Each structure stands twice: as C-alpha cells, then as structure tokens.
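Trainee: I am new to this structure. Could we go through the terms used for it and check each one against its value?

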Amino acid sequence: MKMRTPHIVPLAKQSLEILVVLSGLSGHSDWLFPGDRNPAKPMSNNTILKGLERMGYKGKMTGHGFRGVASTILHEQEYAHEHIELQLAHSPRNAVSASYNHALHLKSRTKMMQDWADFLEQTQRGAKVLAFREVVA
C-alpha cells in the first residue's frame, strides 16, 4: 500500500481460485505477478497499461480505470458508499471521523465482493448486460 497502512481485502471464492492458479504459474514466487526481467521483484506498474494498449484499449482504459468501473457499478447496485471506499483503500476525507471510526465493515464488504465476482462471472459467461442510456443534461 502506498500509505504503508494495512488493507484487509475480503476475497470472493473466484478470487481465491484464481490465486491458487496464479501461484502455480508464478512458480510459487513471493509475487503473484513477478517481474519479467527480475522475478525477485514485482512486475512493473506499466505492464497492465501496456497489455491494455496491445489489446487496442490505448486511450480508452487504464488499469486504474477498472477501479472506477467497479466503484460506479457497485454504487449503481446501491452498495454503501463507505464500504466501496474502504474496499478501494480510500481514506475518509473527514480527519475527525477517521480518528474515531476504525470500522472495517468486513461482513458487508465480503458479501459485496462475492456479489461483484458473481456479476463479473455472469458477464463473462454471456449474461445479458444492459447498456447505459446516454443522458443529455
């Protein structure tokens, strides 16, 4: 983490399955995504961006953009804003509140992340995804 603070991340069953596969693919390295040139270090943060570029998404999507997509869809599905922000490791803007409230909402976040993984899995398998209508103000 950038701020060197612990960040607890509830993982969906699909995520746990992927982690097992990645561990085998990485040669049981300390890193799930070891560096190409130096496997003792993690892959570069530009690797995802370059991969997206090679797939034709240059200027359309970034690795960080997936966080925005998740946040938007989870908010549309009416999950609590505070739980989404905690999941994204965003600190509360109110310093006074942050100094008193250390709740992690793990039960709700665990359900949210399982629901998110199920949504992604259904989408991958061809579930009908409704297009957003363009709204002109």
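Mentor: We can start with a single residue, V21, which lies in helix 1. Keep in mind that the model is predicted.

Trainee: Why is V21 called exposed?

Mentor: The relative accessible area of V21 is 51%. A residue counts as exposed over 50%, so V21 falls in that class.

Trainee: How far is V21 from L32?

Mentor: Their C-alpha atoms are separated by 9.6 Å, and the two residues are 11 apart along the chain.

Trainee: What makes the span of helix 1 close to the expected one?

Mentor: Helix 1 covers residues 13-25, which is 13 residues. From its first C-alpha to its last it reaches 19 Å, and the expected value at 1.5 Å a residue is 18 Å. After helix 1 comes G27, with a positive phi near 70°.

Trainee: What pattern does the chain follow along the sequence?

Mentor: The pattern is α-α-α-α-α-α. That fits the count of 6 helices and 0 strands.

Trainee: How much of the chain counts as buried?

Mentor: Of its 137 residues, 18% do. The cut-off for buried is under 20% relative accessible area for a residue. The accessible surface of the chain is about 11,300 Å², and carbon and sulfur atoms hold 58% of that.

Trainee: Which residues make up the largest nonpolar core?

Mentor: There are 9: A70, I73, L74, Y79, I84, L88, M112, M113 and W116. Helix 3 (65-76) and helix 6 (106-124) each supply at least two residues of this core.

Trainee: What does I84 touch, leaving out residues up to four places away in sequence?

Mentor: I84 touches S71, L74, H75, Y79 and M112. Contact here requires heavy atoms within 4.5 Å.

Trainee: Why are helix 3 and helix 6 called roughly perpendicular?

Mentor: Two packed helices are described by the angle between their axes and the distance between the axes. For helix 3 and helix 6 the angle is about 105° and the axes are 12 Å apart. Angles of 65 to 115 degrees count as roughly perpendicular, so this pair is given that name.

Trainee: Which residues make the contact between helix 3 and helix 6?

Mentor: Helix 3 contributes A70, I73 and L74, while helix 6 contributes M112, W116 and F119.

Trainee: How many of the chain's contacts join residues at least 24 apart?

Mentor: The share is 45%, taken among contacts between residues at least 6 apart in sequence.

Definitions and conventions
Residues numbered from 1 in each chain as written. Predicted model: local features only at pLDDT ≥ 70, side-chain atom pairs only at ≥ 80, totals over all residues. Heavy atoms only, no water. Helix = DSSP H or I, 4+ residues; strand = E, 2+ residues; numbered from the N terminus. Expected span 1.5 Å × (residues − 1). Buried < 20%, exposed > 50% of the residue type's maximum accessible area, 1.4 Å probe, protein only. Areas by Shrake-Rupley, 256 points an atom, 1.4 Å probe, with all protein chains shown as cover. Core = buried A, V, L, I, M, F, W, Y, C linked by side-chain atoms within 4.5 Å. Axes fitted to C-alpha atoms, helices over the stretch in contact; angles between N-to-C directions. Parallel < 35°, antiparallel > 145°, perpendicular 65-115°, else oblique.
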